[in-house]
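Dear colleague,

Please find below the structure that I am handing over to you, together with its sequence. My notes on what was found in it follow directly after.

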Amino acid sequence: MFKNVLLLFMVLIFIVGCSVNQVNVNNLSKENKKVEREAISKEFLDEISYMLFLLKNNDLPTLNSKYTNPKIGVYEVFKSDISNKIVFRRSIQITEINDIVEDFNIKQETVDFNCSPNDDAYYGWNKEGTFLSVNIKPYLSQIIEQEHKILPNKYKENELKNVELIEKTSYELIVTNNVIFYLTKIDGRWYITLIDNLKTDCSQ
């Protein structure tokens, strides 16, 4: 009888010990978990094709209801006409879209915009079409960093977390002669999180 009780006691200690170690490992992995960009999948490309379809059909209500995150909204980066500084604003929804979509074939490559002030022959995109890449510019974090030096309490902590999420996990979608979107996966769904009106702005 004593041997059975002792054996049961040892088994319980072993089980409890393993459970404690498992909790510690899980907590450690959560603390060290890196924010990573998700790989491009067929489902993601299908989502982009549908976005392009909505753009082409000028369907702003559906684009907003399906691809604008209700908590984060959508950022827009542009150059101020008044101060000539790079600024951003955050909106609940996209308020305006262009219906020019000339190519539904999504190319996974980088494309460059050339301002070329001295020769109009080189002005514009070096390729035409629809392009998906990881060519993310840290516009938002740079703006916040500069403004934080002047006004340390201007931005809330969740604003900084949103910016970090966008810059570390997004893809850039360029529809030449139309729009540049940043696409970010949030809570299992893809959203338009930023509209880049800076890359094609050639003003000095």
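Which residues form one aromatic cluster with Trp-190? The partners of Trp-190 in this cluster are Phe-44 and Tyr-171. Please bear in mind throughout that the model is predicted.

Aromatic contacts

Nine aromatic pairs occur in the structure, one of them being that of Phe-44 and Tyr-171. The ring centres of these two residues are 5.4 Å apart and their planes stand at 45°, so the pair is classed as tilted. Phe-44 belongs to helix 2 (residues 42-56) and Tyr-171 to strand 7 (residues 171-175), so their pairing ties together parts of the protein that are 127 residues apart in sequence. Both partners are shielded from solvent: Phe-44 is buried at 1% relative accessibility, and Tyr-171 is buried at 6%. The cut-off for this class is under 20%.

Tyr-171 also takes part in a contact with a charged residue, since Arg-37 lies over the face of its ring, 5.7 Å from the ring centre. A second arrangement of this kind involves Lys-107, whose charged end sits over the ring of Phe-131 at 5.3 Å from the centre.

Overall architecture

The protein contains five helices and nine strands. Read from the N terminus, their order is α-α-α-β-β-β-β-β-β-α-α-β-β-β. Of its 204 residues, 35% count as buried. Among contacts with a separation of 6 or more, 63% are between residues 24 or more positions apart. The accessible surface comes to about 13,400 Å², and carbon and sulfur atoms contribute 54% of that area.

Helix 5

Helix 5 (residues 157-169) has 13 residues, and the distance from its first C-alpha to its last is 18 Å, close to the 18 Å expected at 1.5 Å a residue. Its buried residues are Glu-159, Asn-162, Val-163, Ile-166, Glu-167 and Thr-169. An α-helix has 3.6 residues a turn, so residues three or four places apart point the same way. The cover over the buried residues of helix 5 includes strand 1 (74-79), strand 2 (86-91), helix 4 (139-150), strand 7, strand 8 (179-186) and strand 9.

The disulfide

How many disulfides does a search of the whole structure find? The search finds one, and it joins Cys-115 to Cys-202 with an S to S distance of 2.1 Å. The link is left-handed, with -90° about the S-S bond. It connects distant parts of the chain, 87 residues apart: Cys-115 is in the loop between strand 4 (113-114) and strand 5 (124-125), while Cys-202 is in the segment after strand 9 (189-196). Cys-115 is partly exposed at 26% relative accessibility, and Cys-202 is likewise partly exposed at 23%.

Backbone angles

Most residues other than glycine have a negative phi. Two residues may therefore deserve a look in this respect. Asn-177 has a positive phi, near 65°, and lies in the loop between strand 7 and strand 8. Its relative accessible area is 43%, so Asn-177 counts as partly exposed. Asp-187 also has a positive phi, near 50°, and is placed in the loop between strand 8 and strand 9. At 76% relative accessibility, Asp-187 is exposed.

With kind regards

Definitions and conventions
Residues are numbered from 1 along each chain as its sequence is written. This is a predicted model: local features need pLDDT of at least 70, side-chain atom pairs count only at pLDDT 80 or more; totals for chains, interfaces and linings use all residues. Side-chain values use heavy atoms; hydrogens and water are left out. A disulfide is a pair of cysteine sulfur atoms within 2.5 Å. Helices (H or I, at least four residues) and strands (E, at least two) are DSSP runs, numbered from the N terminus. Buried means under 20% relative accessible area, exposed over 50%, partly exposed in between (1.4 Å probe, protein chains only). Rings of Phe, Tyr and Trp (its six-membered ring) pair if their centres lie within 6.5 Å; planes under 30 degrees apart count as stacked, over 60 as edge-to-face and the rest as tilted. A charge sits over a ring if NZ of Lys or CZ of Arg is within 6 Å of the ring centre and within 35 degrees of the ring normal. Contact means heavy atoms within 4.5 Å. Accessible areas come from the Shrake-Rupley method with a 1.4 Å probe; for residues, only the protein chains shown count as cover. The expected span of a helix is 1.5 Å times one less than its number of residues.
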